[in-house]
Amino acid sequence: MKDVVNFLESLNILDDELVVLACSYGPDSMCLLNLLLDCNFNVVVAHVNHMVREESFEEYRLMKEYCEERDVKFEYYQFENKITKNFEATARLKRYNFFEEVLTKYHSRYLFTAHHGDDLVETVLMRLSRGASFRGYAGFREISDFRGKFLVRPLLFVAKEDINKFNSKRNIPSSFDYTNADKSFTRNRYRLDVLPILKDINPKIHKKFIKFSHTISEYDDYVENEVKILYSRLYSFNRLDLNEFDVLPLLLKKRLLCEIFSNLYNGEIININDKHLNLIFNLIDSKSCGQVNLPKKIMVVKYYNILEFKVNDAGLKRFDYIFEDKVMLPFGYIEKLSEDINSKSNYIIRLSSKEISLPLHVRSRCNGDIMFVKNLNGSKKIKNILIDEKVPSDKRDGVPVVTDSDGKILWLAGVKKSKFDKQSDEYYDIILRYVKKEKEFDEE
């Protein structure tokens with residue numbers, strides 16, 4: 001246990017700081033509890049009853065007594081009902097939610113679990129067999145992030161056999177969970193059938209897997225850092241610049257897309273698989289515009305050299321307002337200015353009430369809309385203006401169309417102005433400004 005003790009001491013946790021230990025009264029967590037106490041850690045034991053075995057209630061009693069005898073703080077959580085579907089995932093979520101509550105209650109930054117070296121071997125083998133991300137193949141680390149706190153696994157340096165020897169020598173009590181012998185659980189088949197063969201070849205096989213895990217993590221950390229740099233440079237306002245993306249190595253392309261999806265899905269990257277990525281790459285490689293629909297109403301739209309990621313909200317509602325001083329719109333608002341500002345932007349228009357009919361209207365575009373474009377001899381369809389100005393297809397219905405009361409289109413706000421726009425040295429008595437929620441189009 002020397003490696004474990006050295007690791008615990010290297011954490012440099014303050015003497016008066018509380019740490020939380022997930023302790024089941026099994027051999028592994030009881031071993032770790034005693035090691036923590038030996039090293040003078042201030043421990044809070046967090047014990048969970050999964051309501052699966054009758055023995056759980058006796059284990060709760062024994063665990064509580066053990067803590068009381070040693071003046072160790074004790075927190076208990078009991079599942080209200082038996083879990084009938086997806087037990088392992090559901091139980092894990094409930095369990096870790098409880099651990100987070102205990103960490104918060106005691107203002108602790110450290111959650112300790114009793115995962116050991118054999119657990120790491122089993123986890124890596126399982127993930128290699130069923131498939132995982134590159135980082136997933138590393139299994140788990142000695143220290144990792146847990147909801148902004150530290151999740152610490154000091155026993156990774158030792159095997160199950162070392163734990164049993166330590167407990168036997170110290171007379172440390174514990175319980176045996178008979179479900180660990182149930183081969184209907186995948187992990188138990190690896191533990192009972194596969195691991196013994198590997199230990200036959202190398203009794204210290206867990207140390208080789210720790211080295212393997214560290215190597216994978218080192219490579220992955222490097223790639224992740226590169227991806228974060230690319231993410232900040234190529235991705236903004238839910239849009240990915242395909243010009244630079246296209247020249248990246250395939251590995252970085254995939255990881256950058258996964259980073260985008262991780263943020264879109266709040267870390268639930270399990271929603272996206274290789275099939276979805278292939279659809280997106282096909283969309284990127286196509287010469288035309290298009291879209292791919294993904295789980296949970298996420299839609300990926302390609303237009304020109306941009307890939308946009310958005311929630312498919314089944315389209316925008318149409319609007320038609322009589323304009324007075326200000327009107328709120330899907331992507332921003334239009335307001336009347338009392339003083340002129342020095343701008344030639346398409347987000348500002350100057351009008352003369354002598355040439356138009358009031359009141360003004362602000363509405364969605366309609367089929368057949370045309371506008372007499374400023375500095376252009378003749379009219380042009382609104383549809384063609386939006387295409388020529390490279391306005392994304394899913395945003396076109398949200399572009400405000402400003403008309404007078406006779407229906408003449410005066411302004412395609414933020415995109416193009418009509419012949420009715422006045423220069424600063426001409427007569428005008430109406431100044432309008434369009435302000436967007438997000439700066440999706442560059443102002444001139």
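Strand E11, residues 306–311, is largely enclosed by the rest of the structure, because 5 of its 6 residues are buried; buried means under 20% relative accessible area with a 1.4 Å probe, protein chains only. Strands here are DSSP runs of E with at least two residues, and helices are runs of H or I with at least four, numbered from the N terminus.

I should state that this is a predicted model, in which local features need pLDDT of at least 70, side-chain atom pairs count only at pLDDT 80 or more, and totals for chains, interfaces and linings use all residues. Residues are numbered from 1 along each chain as its sequence is written, and side-chain values use heavy atoms, without hydrogens and water.

Which strands pair with E11? Strand E10, residues 298–303, does so in the antiparallel sense over 6 bridges, and strand E8, residues 239–241, is antiparallel to E11 over 3 bridges. Pairing requires that DSSP find at least two bridges between two strands. On the E10 side, Met299 has Lys310 of E11 as its bridge partner; on the E8 side, Asp241 stands opposite Ile306. E10 and E11 form a hairpin with 2 residues between them, and Tyr304 in the turn has a positive phi of about 55°.

Turning to the whole protein, there are 12 helices and 22 strands. Buried residues account for 45% of the 444 residues. The C-alpha trace spans about 100 × 45 × 40 Å along its principal axes. Finally, of the contacts between residues at least 6 apart in sequence, 67% join residues at least 24 apart, a contact being heavy atoms within 4.5 Å.

Definitions and conventions. Buried < 20%, exposed > 50% of the residue type's maximum accessible area, 1.4 Å probe, protein only.
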